[in-house]
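Good morning, everyone, and thank you for making time for this. Please have the sequence and the model open in front of you, as I will go through a few places in turn.

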Amino acid sequence: MLIGELARRTAVSTRLLRYYEEQGLLSPQRDSLGYRSYADDAPERVGRIRAMLAAGLSTEDIRGLLPCEMDHGAWIQSCDKSVQIVESRYSDLDSKIAELERQRALLTVQRASIRDAMPAGQ
């Protein structure tokens, strides 16, 4: 299928599909006229790429996962590399959550202080 058809079937712009190709996430063939030709499973692959991006993985992470190959019904098969990448992102996310909780606690104190200092009726 051509890039326009893939874009229509996945609701992903042709520009973004070309970006995925530049990042090594999609590998279309080229026909005799130089047009990109995508395999029949390309819409499913684009859907998985989008899901992994939504989960917080970067295109670099996803490219690193490709040697583990994507499996029908799952994002990726388990291999040493996939475990390493996913665990690393999970750890990063835990750190970000902890930092956000710390910031929220500090802001809660400031918020209470400001409210207590406000004149009644405001």
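I will talk about the nonpolar core, then helix 1 and the residue that follows, and then two pockets. Please keep in mind throughout that this is a predicted model, and that the values I quote are computed from it.

Let me begin with the core. The largest nonpolar core has 20 residues, and those with the most contacts inside it are Leu6, Leu17, Tyr20, Leu26, Tyr38 and Val46. At least two residues of this core are supplied by each of helix 1 (3-10), helix 2 (14-22), helix 3 (42-54) and helix 4 (59-65), and the largest share, four residues, comes from helix 3. If you would like one residue to follow by eye, take Tyr20: leaving aside residues up to four places away in sequence, Tyr20 touches Val12, Leu25, Leu26, Val46, Ile49, Arg50 and Leu53.

Now to helix 1. Which residues of this helix are buried? They are Ile3, Leu6, Ala7 and Thr10, and because these four cover an arc of only 100° around the axis, they lie on the same side of helix 1. The general background is that an α-helix has 3.6 residues a turn, so residues three or four places apart point the same way. As for what covers the buried residues of helix 1, this includes helix 2, strand 2 (36-37) and helix 3.

Just after helix 1 comes Ala11, which takes a positive phi of about 60°, and I point this out as a positive value in a residue other than glycine. Ala11 has its place in the loop between helix 1 and helix 2. Is Ala11 buried or exposed? Its relative accessibility is 73%, and therefore Ala11 counts as exposed, since the cut-off for exposed is over 50%.

Finally, the pockets. The largest pocket has a volume of about 210 Å³ and is lined by 10 residues, of which Ala55, Gly56, Arg89, Tyr90 and Leu93 lie nearest its centre. Its lining divides into six nonpolar residues, one polar and three charged. The second largest pocket has a volume of about 160 Å³, and the residues that line it include Leu25, Leu26, Ser37, Tyr38, Asp41 and Arg45. Here the lining divides into six nonpolar residues, three polar and two charged.

As you look back at the model, you might start from Leu26, which is among the core residues with the most contacts, is touched by Tyr20, and also lines the second largest pocket.

Definitions and conventions:
Residues numbered from 1 in each chain as written. Predicted model: local features only at pLDDT ≥ 70, side-chain atom pairs only at ≥ 80, totals over all residues. Heavy atoms only, no water. Core = buried A, V, L, I, M, F, W, Y, C linked by side-chain atoms within 4.5 Å. Buried < 20%, exposed > 50% of the residue type's maximum accessible area, 1.4 Å probe, protein only. Contact = heavy atoms within 4.5 Å. 1 Å grid on protein atoms, 1.4 Å probe; cavity = no way out; pocket = protein on both sides within 12 Å on 5 of 7 lines; lining within 4 Å. Points joined across faces, edges and corners; volume = space filled by probe spheres on them. Nonpolar A, V, L, I, M, F, W, Y, C, P; charged D, E, K, R; others polar. Arc of directions from axis to C-beta.
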